[in-house]
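I opened this structure to look up its empty spaces and its aromatic rings. My entries follow in the order in which I looked.

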Amino acid sequence: MSTTENKITLPKSIKQFLSTLSGLIVLLIIFAISNKNFFTTDNILNVIVQTTPILLIAIGQTYVLITGGIDLSIGSNIAISGVVTAMLMKSGLPIFLSIIIGLLSATTVGVANGALVTYGKLPPFIVTLGTMTAVRGITLTLTKGIPISGLPDGFNAIGIEKTFGIPNPIYIMIFFVIIFGLILAKTKTGRYTYALGSNFEASRLSGVNVHSSLIKVYAFSGLLSGVAGLVMAARIISAPPTAGMGYELNAVAASVIGGASTLGGEGTIAGTAVGALIIGILSNGLNLMGVSPFIQQIVTGIVIIGAVFADKIRHND
């Protein structure tokens with residue numbers, strides 16, 4: 001049997017994941033060599049905790065990107081869920097009920113995005129840019145621009161306490177990675193999500209309810225940004241109306257670095273998780289090296305452009 005016949009061809013998604021994972025390992029080696037404080041248990045756990053909100057919103061962004069859309073409202077959604085939850089808790093409502101309503105507020109924004117895109121036939125970029133601005137305005141109006149502090153200890157425990165030595169946000173992150181990874185890879189909802197991004201019209205003609213499927217995807221994005229908002233508020237023991245500002249770019253970067261295509265039809269949650277870790281480790285490593293935050297922004301911007309450029313090259317191939 002010839003060598004060519006014996007050659008094993010890996011699926012494209014696996015190749016992409018291994019490529020991203022290789023990038024993460026290289027980054028870990030570089031920072032571990034350059035700074036002895038980088039590869040410590042405390043620092044690695046700190047990186048993962050700090051990356052958790054970005055990863056959560058990146059999961060939602062991955063779903064949206066796979067359909068060929070984009071969600072720019074997730075940064076503002078982070079703020080609205082934290083602000084609504086904090087205001088309700090401060091008014092005396094039980095913590096659990098406040099959290100549910102906070103998550104519903106963010107999910108409602110996602111549903112509105114999906115409805116405007118699918119029924120209004122408006123471009124996702126414009127729709128979510130509009131809701132991003134409007135929702136940020138709502139949070140600033142509700143709080144008069146002042147962070148809400150003095151949150152209950154039971155709520156703060158979500159973000160600052162540990163269980164079996166592991167910070168609670170890491171458990172939350174793992175839970176949502178597994179759940180939304182399985183939904184995308186193993187369920188009809190996941191297959192429809194890929195179908196919408198691969199060929200929207202063919203999906204409609206083959207009987208897929210494209211309207212409800214698209215709304216569901218944007219609702220996922222809203223829900224996950226709401227969860228990210230709660231984790232952030234619990235971590236900093238406060239709910240600022242400016243929370244999550246600029247996070248939408250990090251979410252796009254994490255998704256694209258992880259293999260999601262800005263043209264739709266491609267992406268995995270495992271790849272996005274590794275992409276988010278690359279963003280988090282890059283930021284942490286540069287911090288430890290004493291690199292200026294302004295320079296870090298330049299590096300992050302270059303990484304985003306590089307990821308989109310790599311995506312374009314992949315599709316040209």
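Entry 1: a definition to start with. I count Ala, Val, Leu, Ile, Met, Phe, Trp, Tyr, Cys and Pro as nonpolar, Asp, Glu, Lys and Arg as charged, and the others, Gly among them, as polar. I also note that this is a predicted model.

Entry 2: the second largest pocket. I sorted its lining with that definition and got twelve nonpolar, two polar and no charged residues. The space in this pocket is about 290 Å³. The lining has 14 residues, and Val177, Gly181, Ile269, Ala270 and Ala273 are the closest to the centre. I then asked which helices each supply at least two residues of this lining. They are helix H8 (168-186) and H13. H8 gives the most, with six residues.

Entry 3: the largest pocket. Here I read a volume of about 630 Å³. I counted 28 lining residues, and those nearest the centre are Ile54, Asn250, Ile279, Ser283 and Gln296. By class, the lining has 15 nonpolar, twelve polar and one charged residues. Five helices appear in my notes as giving at least two residues each: helix H3 (41-66), H11, helix H12 (247-257), helix H13 (269-288) and helix H14 (293-316). Which of them has the largest share of the lining? H14 does, with eight residues.

Entry 4: closed space. A general note first. A probe the size of a water molecule, rolled over the atoms, shows where empty space is left. I asked how many cavities of 30 Å³ or more a search of the whole structure finds. The search finds one. The volume of this largest cavity is about 40 Å³. I listed its lining as Ile78, Ala79, Gly82, Val83, Gly229, Met232, Ala233, Ala239, Pro240 and Ala243. Eight of the lining residues are nonpolar, two are polar and none is charged. Helix H4 (74-90) and helix H11 (210-236) each supply at least two of them. H4 gives the most, with four residues.

Entry 5: the record. I looked up the UniProt annotation "transmembrane region", which comes from an unreviewed entry. It covers residues 17-34, 54-74, 95-116, 122-143, 164-185, 217-237, 249-282 and 294-310. I checked two of these spans in the model. Residues 54-74 are 67% helix and 0% strand, and the end C-alpha atoms of this span lie 10 Å apart. Residues 164-185 are 82% helix and 9% strand, with the end C-alpha atoms 30 Å apart.

Entry 6: Phe17. I found Phe17 in helix H2 (residues 12-34). Is Phe17 buried or partly exposed? Its relative accessibility is 25%, so I wrote it down as partly exposed. Setting aside neighbours within four places in sequence, Phe17 is in contact with Ala270, Gly271 and Val274. Val274 is 257 residues away from Phe17 along the chain, yet their C-alpha atoms are separated by 8.2 Å. Ala270 I had already met, among the residues closest to the centre of the second largest pocket.

Entry 7: Asn284. This residue lies in helix H13. Asn284 counts as buried because its relative accessibility is 6%, and the cut-off for buried is under 20%. Again leaving aside neighbours within four places in sequence, I listed its contacts as Phe38, Asn43, Asn46 and Val47.

Entry 8: aromatic rings. How many aromatic pairs does a search of the whole structure find? It finds seven. In one of them, the ring centres of Tyr63 and Phe220 are 5.4 Å apart and the planes are at 85°, so I noted the pair as edge-to-face. This pair links distant parts of the chain, with Tyr63 in helix H3 and Phe220 in helix H11, 157 residues apart. Both Tyr63 and Phe220 are buried. For Phe175 and Phe176 the ring centres are 5.1 Å apart and the planes are at 85°, so this pair is edge-to-face too. Phe175 has 46% relative accessibility and therefore counts as partly exposed. Phe176, at 14%, counts as buried. I closed the entry with the cluster: Tyr63, Phe175, Phe176, Phe180 and Phe220 form one aromatic cluster.

Key. Residues numbered from 1 in each chain as written. Predicted model: local features only at pLDDT ≥ 70, side-chain atom pairs only at ≥ 80, totals over all residues. Heavy atoms only, no water. UniProt positions renumbered as here; feature names shortened; annotations may be inferred. 1 Å grid on protein atoms, 1.4 Å probe; cavity = no way out; pocket = protein on both sides within 12 Å on 5 of 7 lines; lining within 4 Å. Points joined across faces, edges and corners; volume = space filled by probe spheres on them. Buried < 20%, exposed > 50% of the residue type's maximum accessible area, 1.4 Å probe, protein only. Contact = heavy atoms within 4.5 Å. Phe/Tyr/Trp six-rings, centres within 6.5 Å; stacked < 30°, edge-to-face > 60°.
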